[in-house]
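Student: Could you take one part of this protein and go through it with me slowly? I would like to see how a single piece sits among its neighbours.

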Amino acid sequence: PILASAHESGCIRLWSIQGNVMKELLPFSEHPSGPLTALCTDISTNILLAGKGHIIRWNIASFLEDSQNSKNKIKEELCWRAHATEVVDLLYEEEKNVVVTASVDGSVRIWHARSGYYFGYFGQPRKFELSDTSRLILPFDVNNFPAIIKEENKYMEKKKVKYPLVLDRDK
């Protein structure tokens, strides 16, 4: 068993039951870091979801199998904008493969858990069509589609490159 805590800096810490920090996570996505306001996992603790206005999905299964092995990494898989304001609660429903988000704006929305596709909101006049993930629709207050994180290494190293600004008249 582990404990997860979300922090104002946007960092997530995974703790052992003995109170030791096992891992610190920072989102890799291009969205500015800010206070995380909601966390949840699936039943088997393979997936960790964190929210602020964006929902970030991490695969933590291999890390939890053997946290001492440095080859077992936590991989950020997906990031999508769920609400214009902060998310206050998350629910991951494995059987239907959906994520339910609630926000301070008063809306409760349903998303596809693996792709971040928007299905709709509670109170809408039409029925939810959870089997159709082919059509890309967004809520009225969100204008960017889910981003799949493809980088293997989350933390890019900054390279020092010298490009002196000197006029070379011969070139």
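Tutor: What follows is a close look at strand β9 and then at a group of rings that involves one of its neighbouring strands. Please keep in mind that this is a predicted model.

To set the scene, the protein has 1 helix and 12 strands, and from the N terminus on its elements follow the order β-β-β-β-β-β-α-β-β-β-β-β-β. Of its 171 residues, 37% count as buried.

Against that background, consider strand β9, which covers residues 98-103: 6 of its 6 residues are buried, so the strand is largely enclosed by the rest of the structure. Buried here means that a residue has under 20% relative accessible area. In a regular strand the side chains alternate between the two faces of the sheet. You can follow this in β9, where Val 98, Val 100 and Ala 102 point one way, while Val 99, Thr 101 and Ser 103 point the other way, and all of them are buried.

Now look at what lies beside the strand. On the N-terminal side in sequence, strand β8 (residues 87-93) pairs with β9 in the antiparallel sense over 6 bridges, and within this pairing Tyr 92 has Val 99 of β9 as its bridge partner. The hairpin of these two strands has 4 residues between them, and Asn 97 takes a positive phi near 60° there. Strand β10 (residues 108-112) also runs antiparallel to β9, and 5 bridges join the two; here Val 98 stands opposite His 112 of β10. The hairpin of β9 and β10 likewise has 4 residues between the strands, with Gly 106 taking a positive phi near 90°.

Strand β10 leads us on to the rings, for the structure holds 2 aromatic pairs. In one of them, Trp 80 and Trp 111 form a tilted pair, with 6.0 Å from centre to centre and 45° between the planes. This pair links distant parts of the chain, since Trp 80 lies in strand β7 (residues 75-81) and Trp 111 in strand β10, 31 residues apart. The rings of Trp 111 and Tyr 118 have their centres 5.0 Å apart and their planes at 55°, so this pair is tilted as well. Through these ring pairs, Trp 80, Trp 111 and Tyr 118 are linked into a cluster. As for their surroundings, Trp 80 is buried with a relative accessible area of 1%, and both Trp 111 and Tyr 118 are buried too.

Terms used: Residues are numbered from 1 along each chain as its sequence is written. This is a predicted model: local features need pLDDT of at least 70, side-chain atom pairs count only at pLDDT 80 or more; totals for chains, interfaces and linings use all residues. Side-chain values use heavy atoms; hydrogens and water are left out. Buried means under 20% relative accessible area, exposed over 50%, partly exposed in between (1.4 Å probe, protein chains only). Two strands pair if DSSP finds at least two bridges between them. Rings of Phe, Tyr and Trp (its six-membered ring) pair if their centres lie within 6.5 Å; planes under 30 degrees apart count as stacked, over 60 as edge-to-face and the rest as tilted.
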